[in-house]
Amino acid sequence: MRRALPWLGLGAAAVAVPLVVRNPFFLHLCILVAMWTLLGAAWNVLGGFAGQVSFGHASLFGIGAYVTIMLYLKAGIAPWWGIPVSGAAAAVVSLPIGLLTFRLRGPYFSLSTLAVAELVRLVALNWESVTNGPVGFLITDLPPVRILGRAVNWEAKEPFYLTIAVLAVAGLASTAWLRRSRLGAYLAAIREDEDAAEAVGVDTVRAKVLTLALSAFLAGCGGGFYAFYFRYVDPDAVLAITLSMEMVFIAMVGGLGTVGGPLIGAVFLIAIGETVRARFEVGHLIFYGLFMMLVIRFMPEGIWGRARRLLQRRAAAGAAAPGGLDGAA
Amino acid sequence: METAVQSLVSGVLTGALYAMIGVGLTVVFGVMRIINLAHGEMVMLGMFGAYFGLELLGLDPFVSVVVWAPVMFAAGALIHRLLLRRIIPGGELNTLLYTAGLSLLVANLALFVWTGDYRTINLPYAALPLRPFGIAVPIPLAIAFGIAVLVTGALWLFLGRTDLGRAVRATSQNAEAAVLMGIDVERVATFTFGLGTALAGVAGVLLAPSLYLYPTVGEILVVKCFVIVVLGGLGSVPGAIAGGILLGLVESFGAVYVSMAWKDGIGFLLFLLVLLYRPSGLFGVGKA
């Protein structure tokens, strides 16, 4: 319970944002930050905690987006119910993918994810009877809904923000839970030395497949939310390689294998993106690439990782001083 | 029958160029254990080099190889010296992510400077294909094939017969032993990265008259490149040549006998199958 308190606090703070941020554009930015936090956390679970670098997470995101939009348009299931179904669908799809690709290690695994993602994109592009091919799907209007007797205004940003804020906080909390869990310890062992992990009896494939499923669930929910918020899904929008790279960027810049990293990474991603996009159309990707290179070169533990280390060092110095370590030295 | 022969011919012609790109990636992997995700962007730079050589200086693309090969070599050597060298001790995942960043940077800088427009190179002597025995052979592809075969042959001789070439192969087989034999492994690495980049760049120059040029073409090329080197076994030069030809054939037969839309998909499927069942490559010579 004590461990849950900070998360409830963070959740409350996140939900309270619309009370302060009234401007729709800034709220839109908050929505993007929360969405990318969720996606960064999804990637980080696998790439950061387990050390399995995926270049194909866009496929899980895209599957989520397609599931939500198709459930709504073809079966009339409202998008907010579609989001968890999207997560579950992405997790289910990830199982066979994981069982196949996790037979490979390190860079070979990364390359295979790239190929899987391209295959998924080609399927979405060419299986026109199901996916509408390159045209994709468009939601023209959302179903009316009443909460506490008031009709929800789908033209405002608040309902979307609240949805994604809850999802993002839940995503971060689940990574915090993962890190403390037995599975998290297995993942750390796998990341440091896979052979040694196997030698002490960790079922590495099982641990990695489970982690991928969790990662896929989060990414799928993110995709479902994307469809709900942007109301438009096509292969270029939700299955592009660039999306996978942006998730990598967030986890990398924020800090691989940290709980808070994705939030920092997402803030950076959106800040760079919006600053640059205002001036030129595609410039933001230049800076994503540049930033990734700079971070790996100078701060491989990421911003959150570096900040935490500095804080710990300061705390250690503070604790040591009154104890009279000086005399010992 | 004629379609089959036609597919065979175009498959082999394209395959030789694929092979050249693959060889560039594979020698770099062999020596440094780096999977260079920015390799496709080097091909792209070569393509644009050929384009601007023709537009601005009136230089024939196939002649401009003489210019772009040393330029790309120098660019690659500099990238290794100034950027990658400090990343390599951090482990293979760091270099993988670092080259991913480099690829984003280069591709989107190009997109910013040159815009996303599709460009083509029209050579007056290449308007109509040659038709030996009723098989259509596009002239630019045929010339590119010839040069690619020459370059790859020269590379083969270089790796087999010269001291530097032997040093590259020795480092690739066992870097520690190479150091003990007095090889300056750092220099070999810089040289190899330059060599790999030059091969990618020259392949780009040669491909330019046969493909559409656009800044993000590297994205699809780099994936194909991985298919090639994994088919042949990462680190193996003959494997990459065979893998390149094989992918060329799979694509051209796939486009004719399966469907145009799925021809890339067949390549990726083959890639996954090989990764899963023969991770050291179809010929069992690579290093998994």
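The expected span of a helix is 1.5 Å times one less than its number of residues. The exercises below apply this and related criteria to a predicted model.

**Exercise 1. Compare the end-to-end distance of helix 3 of chain A with the span expected at 1.5 Å a residue.**

Solution. Begin with the residue range, 57-75, which gives helix 3 of chain A 19 residues. At 1.5 Å a residue these should span 27 Å, and because the end C-alpha atoms are 26 Å apart, the two values agree. Turning to the surroundings of this helix, one finds that 15 of its 19 residues are buried, so that helix 3 of chain A is mostly covered. Just after the helix, Gly76(A) takes a positive phi of about 70°.

**Exercise 2. Carry out the corresponding check for helix 14 of chain A, and state which of its residues are buried.**

Solution. Helix 14 of chain A, residues 283-298, has 16 residues, for which 22 Å is expected at 1.5 Å a residue; the distance from its first C-alpha to its last is 23 Å, close to that expectation. For burial, the criterion is 20 or more other C-beta atoms within 10 Å of the residue's own. The buried residues of helix 14 of chain A are His284(A), Leu285(A), Ile286(A), Phe287(A), Tyr288(A), Gly289(A), Phe291(A), Met292(A), Met293(A), Val295(A) and Ile296(A).

**Exercise 3. Identify which residues touch the most other members of the largest nonpolar core, and which helix gives the most to this core.**

Solution. The largest nonpolar core holds 201 residues, of which Met292(A) and Met47(B) touch the most other members. Helix 1 of chain B, residues 2-32, gives the most to this core, with 15 residues. As a further step, set aside the neighbours of Met47(B) within four places in sequence: Met47(B) is then in contact with Gly204(B), Val205(B), Leu207(B), Ala208(B), Leu213(B) and Val217(B).

**Exercise 4. Describe the side of chain A that touches chain B, by elements and by residue classes.**

Solution. The contact involves 34 residues of chain A and 34 residues of chain B. On the chain A side, the elements that give two or more residues are helix 5 (106-126), helix 12 (241-254) and helix 14, and the largest share, 12 residues, comes from helix 5 of chain A. Sorted by class, the residues of this side divide into 24 nonpolar, 7 polar and 3 charged.

**Exercise 5. Test the radius of gyration of chain A against the value for a compact globule.**

Solution. For 329 residues a compact globule would have a radius of gyration near 20 Å, and chain A, at 21 Å, agrees with this. Along its principal axes, the C-alpha trace of chain A spans about 75 × 50 × 45 Å.

Terms used:
Residues numbered from 1 in each chain as written. Chains lettered and ligands numbered in written order. Predicted model: local features only at pLDDT ≥ 70, side-chain atom pairs only at ≥ 80, totals over all residues. Helix = DSSP H or I, 4+ residues; strand = E, 2+ residues; numbered from the N terminus. Buried ≥ 20, exposed ≤ 12 C-beta atoms within 10 Å, placed from the backbone. Core = buried A, V, L, I, M, F, W, Y, C linked by C-beta atoms within 7 Å. Contact = placed C-beta atoms within 7 Å. Nonpolar A, V, L, I, M, F, W, Y, C, P; charged D, E, K, R; others polar. Rg over C-alpha atoms; globule rule 2.2 N^0.38 Å.
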